[in-house]
Amino acid sequence: MKLQHQLNIAFTTLLIVIMAVAGYVIYSLILDLLIQDEQRQLRQNGEILVSVMTEQYGTGQYAELLQDQDLQLFLYDRNQDAVLFSTMSNRIVRGLWENNDFADDSENLWEFGDNNFVTSRILFYPQDTGIELILLTPMNDIQAVQQNFVARMLLVFLIGAAVAVLISTFLTNKLVTPLSKLKWQLKKIEKRQFDDIERINATGEIKEVEQSVYEMAEELQRYMHTQQSFFQNASHELKTPLMTIQGYAEGIRDRIFDEKDQEKGLEVMVTEVNRLKTIINEMIVLAKLDSEPAAYNRTQVKLRSLINQVEERALPLVNEKDIDFHHNVEGDITLMVDEEKLLRALLNLTINGIRHAKSQVAIHVYQRNQMTTITVEDDGDGVSEDLIPHIFHRFVKGKNGETGLGLAIARAIIEQSGGKIKVADSELGGAKFEIVFPK
């Protein structure tokens, strides 16, 4: 069953239950309210009659006065326990006298045959006369009013139910339509038709879901594009050294090189094999970072000690290129990270800086605004503007780059550690890599 139908059934069922309970409560209370209202009206009419009759009592004219009233009433003498006068037929008077206690001054319902009567009693003044006016209204009249009221209430409920169903249909349609459209957009994502994806007008949580789906589609498209570029670049990077190795190997096999060229060819082949090994090892590292997040072991790491390790491992390259390498760690700063992985990331950034630097490389570690920042700067030529958006992508190499995977590995490790990395221009004149970790 479709969601829209389920919601309509749920709303309609809820409405019926509420209306049934409300109708039952109202039906139960309305009779008591009508009886009380009828007793109040009878008392008002009776008090007026008693007031008039008090002035004329004893003149013998009360019978004419009461007979002129369109009311069902008794004039009852409590002292003599006798009915002095009634506007009702003798049969009804006898039936009421036999079935009810006229001496009981409470305003209870009187019974006669299949009908009941609502009563209201008003004493004449002075009260010692014992004369009492008793007014009656048949319950049939009140029940007719009750039934008329219930019929009108039922009509109102039916109209309200119809309006509520229409409103429910409108609201559920407004709620479900964006979801239906969103389903078709997801089908497009499933078929990888990213260019055909359309934005959906929605509100509230559905808008948030739509935004998440749209962002997911963009990220999936970017990921697939990255993967395609990765395989293309990987194929190119692996193909070049393999072709070089194949060319020299076939030349040596076919003895087209002299002894000197053969030695040179073997050296080139060894160099290319080492290059292949480096590329494959770094590809394996990237694959593990993507597929084995559970292998990330967090420990409390002191950054001063970590930077010292970076300096020790980069020292041979620093001496070879005669670079001034210095670092500054402000205070005793620690991070909860995987020490070996973060060391590799910082070493990649440092070696990259040494490779491109002219004379100096600097590392600075400090804390500001609850953030831990690590910067790696050099005084080289920097990163060109067109390369900055892609510098951390795989197989993207700047000038003097090697495999094009070092910065990609560094970014993957840093993001896995909960940090962010970006590149900018350094005050030293070259590139500045800035890593930020929240506290």
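Two strands count as paired if DSSP finds at least two bridges between them. With that in mind, let's walk through this predicted model.

**Stop 1: strand β1**

Start by selecting residues 72-77, which make up strand β1. Switch on a surface and you will find this strand mostly covered, with five of its six residues buried.

Now add the neighbours. Select residues 131-138 to bring in strand β5, which pairs with β1 in the antiparallel sense over six bridges. To check the register, pick Gln72 and look across to β5, where Leu136 is its bridge partner.

Next, select residues 82-86 for strand β2, another antiparallel partner of β1, this time over four bridges. Here the register can be read from Tyr76, whose bridge partner in β2 is Val83.

**Stop 2: the hairpin turn**

Stay with β1 and β2 and zoom in on the link between them. Four residues lie between the strands of this hairpin. Click on Asp81 and check its backbone: phi is positive there, near 50 degrees.

**Stop 3: a buried salt bridge**

Time for side chains. The structure holds ten salt bridges, and we will visit a few. Select Arg121 and Glu132, whose closest N and O atoms are 2.8 Å apart in a salt bridge. This pair links distant parts of the chain: Arg121 sits in strand β4 (residues 115-123) and Glu132 in strand β5, eleven residues apart.

Are these two side chains buried or exposed? Arg121 counts as buried because its relative accessibility is 5%, under the 20% cut-off. Glu132 is buried too, with a relative accessible area of 3%. Add Arg78 to your selection before moving on: Arg78, Arg121 and Glu132 are linked in a network of salt bridges.

**Stop 4: Lys341 and Asp338**

Jump to Lys341 and Asp338, whose side chains meet in a salt bridge at 3.6 Å, N to O. Colour by accessibility here: Lys341 is partly exposed, at 22% relative accessible area, whereas Asp338 is buried, at 7%.

**Stop 5: a salt bridge between loops**

Finish with Lys358 and Asp381, a salt bridge whose closest N and O atoms are 3.7 Å apart. The two residues are 23 apart and link distant parts of the chain. Lys358 lies in the loop between α8 (339-356) and β9 (360-368), while Asp381 lies in the loop between β10 (371-378) and α9 (406-416). With the surface on, Lys358 shows up as exposed, at 59% relative accessible area, and Asp381 is exposed as well, at 60%.

Terms used:
Residues are numbered from 1 along each chain as its sequence is written. This is a predicted model: local features need pLDDT of at least 70, side-chain atom pairs count only at pLDDT 80 or more; totals for chains, interfaces and linings use all residues. Side-chain values use heavy atoms; hydrogens and water are left out. Buried means under 20% relative accessible area, exposed over 50%, partly exposed in between (1.4 Å probe, protein chains only). A salt bridge is a side-chain nitrogen of Lys or Arg within 4 Å of a carboxyl oxygen of Asp or Glu.
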